[in-house]
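Open the model in a viewer and keep the selection panel at hand. The stops below go from whole chains to a helix and then to a side chain.

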Protein chains: 4
Amino acid sequence: MTKLWQKGYQVNEHVERFEAAQNSMLDSRLIRHDVWGSLAHVAMLQKIGILSTEEHATLKNALRSVLALEATHEFSVLPSDEDVHTSIENYLVTSAGATGKKIHMARSRNDQVLVDLRLYGKEQLHTVAESLTDLVSAFLEFAGTYALIPMPGYTHMQRAMLSSVGLWAASFAESLLDDEQLLSAAYRLNDQSPLGSAAGYGVPIPIDRQYSSDLLGFAHVQNNVIYVQNSRGKIEAAIVQALTQIMLDLSKFAQDVLLFTTAEYSFLQVPQELCTGSSIMPQKRNLGIMELVRARMQTMLALQQQILGIVSGLPSGYNMDYQETKRPFMEALDLILESLNICTLVVQNLSLDTANLVKACTFELFAADRAYELAIASKMPFRDAYRIVGAEVTAQLDRHIPLPVESQEQLVERLKARSHLGGAGSLALEEVSTHLGQVQMTWHERTAAFNNAIAHLVGINEA
Amino acid sequence: MTKLWQKGYQVNEHVERFEAAQNSMLDSRLIRHDVWGSLAHVAMLQKIGILSTEEHATLKNALRSVLALEATHEFSVLPSDEDVHTSIENYLVTSAGATGKKIHMARSRNDQVLVDLRLYGKEQLHTVAESLTDLVSAFLEFAGTYALIPMPGYTHMQRAMLSSVGLWAASFAESLLDDEQLLSAAYRLNDQSPLGSAAGYGVPIPIDRQYSSDLLGFAHVQNNVIYVQNSRGKIEAAIVQALTQIMLDLSKFAQDVLLFTTAEYSFLQVPQELCTGSSIMPQKRNLGIMELVRARMQTMLALQQQILGIVSGLPSGYNMDYQETKRPFMEALDLILESLNICTLVVQNLSLDTANLVKACTFELFAADRAYELAIASKMPFRDAYRIVGAEVTAQLDRHIPLPVESQEQLVERLKARSHLGGAGSLALEEVSTHLGQVQMTWHERTAAFNNAIAHLVGINEA
Amino acid sequence: MTKLWQKGYQVNEHVERFEAAQNSMLDSRLIRHDVWGSLAHVAMLQKIGILSTEEHATLKNALRSVLALEATHEFSVLPSDEDVHTSIENYLVTSAGATGKKIHMARSRNDQVLVDLRLYGKEQLHTVAESLTDLVSAFLEFAGTYALIPMPGYTHMQRAMLSSVGLWAASFAESLLDDEQLLSAAYRLNDQSPLGSAAGYGVPIPIDRQYSSDLLGFAHVQNNVIYVQNSRGKIEAAIVQALTQIMLDLSKFAQDVLLFTTAEYSFLQVPQELCTGSSIMPQKRNLGIMELVRARMQTMLALQQQILGIVSGLPSGYNMDYQETKRPFMEALDLILESLNICTLVVQNLSLDTANLVKACTFELFAADRAYELAIASKMPFRDAYRIVGAEVTAQLDRHIPLPVESQEQLVERLKARSHLGGAGSLALEEVSTHLGQVQMTWHERTAAFNNAIAHLVGINEA
Amino acid sequence: MTKLWQKGYQVNEHVERFEAAQNSMLDSRLIRHDVWGSLAHVAMLQKIGILSTEEHATLKNALRSVLALEATHEFSVLPSDEDVHTSIENYLVTSAGATGKKIHMARSRNDQVLVDLRLYGKEQLHTVAESLTDLVSAFLEFAGTYALIPMPGYTHMQRAMLSSVGLWAASFAESLLDDEQLLSAAYRLNDQSPLGSAAGYGVPIPIDRQYSSDLLGFAHVQNNVIYVQNSRGKIEAAIVQALTQIMLDLSKFAQDVLLFTTAEYSFLQVPQELCTGSSIMPQKRNLGIMELVRARMQTMLALQQQILGIVSGLPSGYNMDYQETKRPFMEALDLILESLNICTLVVQNLSLDTANLVKACTFELFAADRAYELAIASKMPFRDAYRIVGAEVTAQLDRHIPLPVESQEQLVERLKARSHLGGAGSLALEEVSTHLGQVQMTWHERTAAFNNAIAHLVGINEA
């Protein structure tokens, strides 16, 4: 296809492939968003008198037919087109003739790709937030069900103190809710309209950036046009940084599950439907999905590094280096969605081996408790009590004559005694649930506002 | 010195050095924060009846004398102490005897280090925010002074369109203000009290976590005690992620300044007091500080990577791996402060070579303008006008007979014509200044609230 | 399709997709290599008496028909197959019945994937080495053509000393030849046969690992079977580390070309066939390929980080995390090949603007030369001469009365005077060419030995 | 102190601090190396007639007195000096007057720092190689002692197949020996003399680069002077990449030890002298050193990332960004040395709980063995035997009626049956030891050659 800037010579085919092969594939995901941006742009051009009502109608119809084609996978972005913007402008010229050639007035592709990625980002983050809150919900339900099941608490991977399954599961819920705050901060940065920055230096035409921003449902206009261009990659990085925090929690959950399902721990079980086997060892039931979540934390980190590395130290203004940030941005969003959903599946299918959990709550977990008791009972300084108990416990461990494990009931009493804020006896699951509900509400409102703006822009009611 | 856990054997000296050499050095920065945490802890222990009023007073006085020693650099953390917590407990035992041995009741060092780092983080972020807003202020002043000085705008490092010095400088101000939003989000995550999580599994004692949190000026208690421990490194990473965004802007500014001060561009000048020379080439005036800012963006990225890499995939509960996150966290905060301040110094000392700037605004910058004019004047589709102008300009460039450069006045008129939101003729510096003022107010309030809480906790009025 | 380990239950479809969607796509590249590994394995099984001659012949024929199908793109690896090993075993069972079910005796898929990746790596590195040496050759030719064309040499991005185009171009040739040493070291680590490690713990059957290693053309057997498995990802990382070094050179070349083709420098030109344009600025000729090379250095770094991050801290033995290293490994190899070839294209098409180069060799470049002359002529200590010349030059620069530029002939004389090893007057291009020839020879021998072994294994002569 | 380039103005103190505070501290490690470089330089200047014999003698004596001062920690590099080169030149001017001012003829500080870092790198790598081979030796001894102690082999962190302690320990020895190849490749790149590149563009004086290279004990001269400068950071990165590979092995060892010393596994024990305790849980014996090794793998990765990130995309010629690579380079070398030594300490102190190891070799480890036996005995295809055994084992596992564990003797017989190359019954420890011996010899020769050259250069015999 003709490139927008083509002026009588053919670009070298190796150059074309090097620049556009990957990009055109990625741009296939941005067809709808590019159309939306163009719909807002032409409405604005009509408002300021650059396009007549008829021209606007012609372009709007042609753009809507791109949406129709896209819906049935009939619109494609070829490597020879370079990018989705060119594909669509070429389509408009073909279908709307001279009017089609008017669409690029007062804008630039640098502008368009920013609009497309912001809209894509918003849409994806709506879904990410839904998956995130679903997972929080699953953790809270699990924590509620097993709130007072005893479990050893570890430090340095060594048995340390009494803990509970509820405390463990609820810790992930709270962590993910904190991540949501970072996600929302990145969402807000992304929720600014770049449209109208053109090539990064504006245009000598009195375009109405506020109008197109409102049509696209953005919270506000991103003002300085150089900053608009310079924020390419940067805002994507802010989003991926938030995703990294989520993935960090998932990697910890994965590592815990992998440990707790070993033969040696045997605390948790996962149904065989979630496991895969070995081609050589008939007995194996491997929890590959948790291994991959653990590994994909590293992939997420690499994507974060890639985007930030690319944009570091670039001079102001558009540089084609930015194009290389598109793929890691899209992959990071795919990755988090798949990982959140797979973790929800695991949480919903985890079962406990309570007997093993109780058995693992061996006497040394209570050494600190005994030091506390001794300190209080004998009005002895804690550090002295600590040394006395320490000597006892060490002796017992060394002589391999450990005290018997307490009964589950005794352990539950101990758990209940951890009654301070956030202790095993005071998980505050209801408060966390209430907070979750508020978070869900915020995201539902964001999603609805976006969908309404787009529906209005496309003119679904008129159709 | 005696380790808190020592029970009759000597730890291997290589082990001691491997674990504690670096840590004790870093902990020297945390003496005040550790004392503050202990003051809140003992006040709480007295409130719930574990300590008598007298014991509380004794401990409080001893802790205050640590602050006094620290102020005159007479309190030190030795490698043989392992950490600041041990140094201070040892001091208390020495100075307050049996009462000193009571302080560690119902808490853990895992707990303390979290408190220390949160308080350290808050203090540092108050300073970072001040340096950040100072730099924004310097950019805005510079942008105001040179608002309508013409400058070529670049894309792909090639001259693209007319820009202005004001537009360029203001772009950094807006970018940094967006970063502030990310910084505030991370600040809020950090503003949660971890105190009372003990070793990560709480204590069988009805401690009052809300009380100690309030005393320390935290916004609220971080609830789930496992999550508290699991957030070690994680919240530090959230802060460093925000710092990375700031550094990204600084690296772009540095790269621009380095380009614009070359002999080839000669747009900007920096006084020789900010430059360093060569040992062999007598003429050299090198802007090493900008090269180092560019390089330190990579250092910041590496610190972000280091913290996140360390905490990835760790099982729940404290792991000593966390200790290794302390240094990159502190270094990242040092790095951003120095870099912000050095950039402010540069902005305040930059001068222009206006003649060169005007001369560089060569005719090809206006090709798009001419295409717009042609499209509007001849009611021609933009794409057709683009091709006509493109052929003209290319021919002129190829025949090396460029059109003459316009006068500065003509260029200023062109700049004014970019009158849409965020264009060179409409920088909205006042609105940005107003926003800056609000941001400064928010941080002043945060700083004041923190300082008041600490003053009250230490009992400065009583002294 | 049936999984090899399937035993009466269906794996959850989300799990299947999470684990196998990407993997099966990547495995489509490994069909040939997997067949080669199987050919060696069955030959070995026959040698030690596990397979009869007939069974061997049956399996060999079936495996050869996979190669035939692959050659015409008729053999595919479906997500439901999990991986290429399963696809091929399923094919063998279908086409060879009970004999097909015998192939997996005494091996594991963990084993196979290592064999496949080692063979894939060897093949790819042969091509990388060819592209690398082609680029060195292009640089040497360019350096020879323009050996004595003057050019300013920069430090701190400021004009520093006289340099030459030849010196600049030859620097890349030497750097790439040093990279080749790192590449060869990684190649040698990769050139070890993993076959026979089975699941990482060997088999209780006297397999002949040396025999299969020889058949596959490996330099030697990788001995310890746990180490074999633990080197998954590790050896890939060693290769990618070497590729990173190559990419580092290319990124420097790209940055230089981007600077030297700006309007401000105007030292170099690239034909428009290698450039792309702007959709809005008709005059633009952007060297996007060099911007992408610069950006892809960061992609390469991220791939290196990803692989090493994934394998860090994993316990011994196969973990499914390894699967996540396959993609970055393959992408890194693709990336280096495309980048090397595009750089060769650029070098072969670069032209100079000699007049501009000469004009840029302004008088301050010779300040050090004059200090040397003064020191020698007046028997003055260098540091004193430096200060005298420094004062002169600074005064001239400050008063904007620079000395006139020397003629090209004068500059060439100066270049020739840099006659010490590696100076502009003594590039030693012939010695470098000789070294290049030896490197090419080494790689040709490696490639030939590999191709011969594979041809013999497949039995091309017999066909 | 006076800077070498100072010409009548004071540099801003913030600038001085930003550029030199860290650098001067790091440079304190390079005093000896800088003197060595200067000794070679002045010897060369005398050889080519720039310095008289007397001047040479004066400078040589002055330089030797720097070495004497350094040996007693009386020579320091102050921030106001910028760097070690300035400190030493200032010292020479003070102690040798006008002759001292002659030393900087025909060289540059860019040159010197390269020389210093190459020599520092060589010295450090000699030590690294010694520590590395010591650790290999410890692993081999451990493997020999426990060659046939059974141990479960894991895949996916699940019990998979029979393994042995010897196989496990020897895997690290072989992995580290492969790393040594990468280290040697990086060593060879580093073993090139940069001296004479001056500021990166050579000098118009017929210096004898080969002579100074020989005096310093370099293997050869690094030719192209631009490449010399461009290799700053690059060769450091090559070294750190090799160190990363070593650290990767150590992190795996650390993770294994941490798992195998949990209460749940209880395979290995470490004496309490290598452990540290808890301030609150008297029973804890934490293996913090192994946690730190695991964490420091991430630190190493970050250092690798930092160096490569800094040098990526820099234009040719010296840029001050390079200065920022000095610290991560030095830290990486420190890190690897400490980590290697601490791991050797652990290996030398590890003891086994053989009873637990045997008990953990449960029947499911032998499922593949039984499938093999069935296949061979019944001449049944492996895949059919696999399914039959799989059904049996699964049923036993599900009904929780596992077969009894075999005796240690039976297990040893099974281990011996893994008699193929690299199997548990054929560890080839002697061959590995022989290889280790050759490696040690190579490094001893390198170290000796270096020490001899330096001794000769300094003129120890004459003293």
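Copies are superposed by least squares on the C-alpha atoms of residues with pLDDT of at least 70 in both. The model is a predicted one.

Select chains A and B. A turn of 180° with a shift of 0.0 Å along the axis lays chain B on chain A, and the RMSD is 0.0 Å. Of the interface residues of chain B, 100% are interface residues in chain A as well, so the copies meet through the same surface.

Next, swap chain B for chain D. Chain A superposes on chain D with an RMSD of 0.1 Å after a rotation of 180° and 0.0 Å of shift along its axis. This is the relation of a two-fold axis. To find the axis, pick A:Glu264: its C-alpha lies 2.6 Å away, the closest approach of any residue of chain A. Both copies use the same surface, as 100% of the contact residues of chain A recur in chain D.

Move to chain C and select residues 326-349, which form helix 11. Its 24 residues span 35 Å from first C-alpha to last, close to the 34 Å expected at 1.5 Å a residue. Because 18 of the 24 residues are buried, helix 11 of chain C is largely enclosed by the rest of the structure.

Last, go to A:Glu364, in the loop between helix 12 (354-359) and helix 13 (367-377) of chain A. Which side chain of opposite charge is nearest to A:Glu364? It is A:Arg159, 4.6 Å away; A:Glu364 is buried yet has no salt bridge, the cut-off for which is 4 Å. Show the residues that A:Glu364 touches, among them A:Arg159, A:Val393 and, from another chain, D:Gln283.

Conventions. Residues are numbered from 1 along each chain as its sequence is written. Chains are lettered from A and ligands numbered from 1 in the order in which they are written. This is a predicted model: local features need pLDDT of at least 70, side-chain atom pairs count only at pLDDT 80 or more; totals for chains, interfaces and linings use all residues. Side-chain values use heavy atoms; hydrogens and water are left out. Contact means heavy atoms within 4.5 Å. Helices (H or I, at least four residues) and strands (E, at least two) are DSSP runs, numbered from the N terminus. The expected span of a helix is 1.5 Å times one less than its number of residues. Buried means under 20% relative accessible area, exposed over 50%, partly exposed in between (1.4 Å probe, protein chains only). Lys and Arg count as positive and Asp and Glu as negative; His and the chain ends are not counted. Lists of a residue's contacts leave out its neighbours within four places in sequence.
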